[in-house]
Amino acid sequence: MRRVVAAPADPGLAELAPDRRLRRLELTVTRRLNGLLHGQYRGLLPGPGSEPAGSREYRPGEDEVRRMDWAVTARTAVPHVRQVDADRELTTWLLVDASASMEFGTAELDKRELAVAAVAAIGFLTAGVGNRIGAQVLRADGVRRFPARSGRTHLLGLLRALLAAPRATAPDDRPGPSVGVSVPVGPPELVDGLDALHRAANRRGLVVVVSDFLDGLPDDPDEPPPWERTLRRLAVRHQVLAIEVTDPRELELPDVGLITLVDPETGRRREVCTSDRRLRERYAAAATAQRDQVHQALRRSGATHLALRTDRDWSVDIVRHVHAQRRMAAAPAGVVRGGAA
């Protein structure tokens, strides 16, 4: 009787050694995403640029008033906006959230691993002669800064630093302060990282913020989060892409009985009986409202929003996002989302 031995399962990204994870990420980007750039000097978003490339009719709700071409508008009596070609040298600035709330995941990847994958996609897609990439990483032990430089070696060093970033320690497990040793008040906040990025990014380019955007989110949905104002300031000068990272368990609770929930930022614990259907419904409704609050804040700030989830194929989501952005940029006048006007 022959004995059948099952082949070992393909290891997930989180189970691989750092160097193997980087090789897998690079292969994924180059094989599945890099083809999007063939024939065009464009990255994840159309532009940014400064070279004039004509004008087209203004599309309400999609175009910014500050891009109005007043000369053509006056001549034709129809509102037009300026179009620009992408700059031949692009500087990309990253703000990567590696705080405690990102150390959660119930799928193949946790939120931090997914953030690293997003950074890899951005880095490899925007890599090119003269292009530079810089970063600010919000870690549990402070902010780590990477100057804007070009080259594959620099990008791989950034990705290795993200994979090796120290994990946050629960407040209850942190050692007490020693005499004569200064202890930081707390981990850096998202608004602090955005302020630092605003000071560092003094040349127009692409700004990418990778986070769950839960930091400082107010209980009142009508109140703007503290990071919205700074993000809006960045969007005035730069092209801003906000990558929101979420996990399915943050959106709904499974029916698994009594569980203990821990706030990674404060260490507070609470026992919850997930068998209660009404509790699960209230949780799902509150999570949906919270995500909508983040979405509205990003929209008001002028950033382009890309949502990634740990239970979905992130490369497919990025492909769809790139195609959607390019369709919008290439749509002829009079055509709006969803069909002809």
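Colleague: What makes you describe helix H3 as mostly covered?

Modeller: A residue is called buried when its relative accessible area is under 20% (exposed means over 50%, partly exposed lies in between, with a 1.4 Å probe and protein chains only), and 16 of the 16 residues of H3 are buried. This is a predicted model, in which local features need pLDDT of at least 70 and side-chain atom pairs count only at pLDDT 80 or more, while totals for chains, interfaces and linings use all residues. Residues are numbered from 1 along each chain as its sequence is written, and side-chain values use heavy atoms, with hydrogens and water left out.

Colleague: How do you know that the span of H3 is close to the expected one?

Modeller: The expected span is 1.5 Å times one less than the number of residues in the helix; for the 16 residues of H3 (111-126) that gives 22 Å, and the first and last C-alpha atoms are 23 Å apart. Helices are DSSP runs of H or I with at least four residues, strands are runs of E with at least two, and both are numbered from the N terminus.

Colleague: Why are H3 and H4 called roughly antiparallel?

Modeller: The axes are lines fitted to C-alpha atoms, for helices over the stretch in contact, and angles run from 0 to 180 degrees between N-to-C directions. H3 and H4 (residues 152-163) pack at about 175°, with their axes 10 Å apart. Angles over 145 degrees count as roughly antiparallel (under 35 as roughly parallel, 65 to 115 as roughly perpendicular, the rest as oblique), and the pair is therefore roughly antiparallel. Among the residues that make this contact, meaning heavy atoms within 4.5 Å, are Val-116, Ala-120 and Phe-124 of H3 and Leu-155, Leu-159 and Leu-162 of H4.

Colleague: What makes E5 and E10 the edges of the sheet?

Modeller: The open sheet has six strands in the order E5-E4-E3-E6-E7-E10, with mixed pairing. Two strands pair if DSSP finds at least two bridges between them; E5 (142-149) and E10 (304-309) each have a single partner strand, so one side of each is left without a neighbour in the sheet. The twist averages 15° from one strand to the next. Inside that order, E3 (residues 91-97) and E4 (residues 132-139) pair in the parallel sense over seven bridges, and Asp-97 stands opposite Leu-138 in E4.

Colleague: How do you know that helix H7 packs on the sheet?

Modeller: H7 (residues 277-301) touches E7 (239-246) and E10, and its direction makes about 170° with that of E7. Its buried residues, including Ala-287, Val-294 and Leu-298, pack against helix H6 (228-237), E7 and E10.

Colleague: Which residue caps the N-terminal end of H7, and what supports that?

Modeller: The cap is Asp-276, with a side-chain oxygen 3.0 Å from the backbone nitrogen of Arg-278. After the other end of H7 comes Gly-302, whose phi is positive, near 90°.

Colleague: Why is Asp-317 called buried, and which side chain does it contact?

Modeller: Asp-317 has a relative accessible area of 9%, which places it in the buried class, and the residue is found in helix H8 (residues 314-330). Its side chain makes a polar contact with that of Arg-312 at 3.1 Å; the term requires a pair of N or O atoms within 3.5 Å, where within protein one must be able to donate a hydrogen and the other to accept it, and residues adjacent in sequence count only if both atoms are side-chain atoms.
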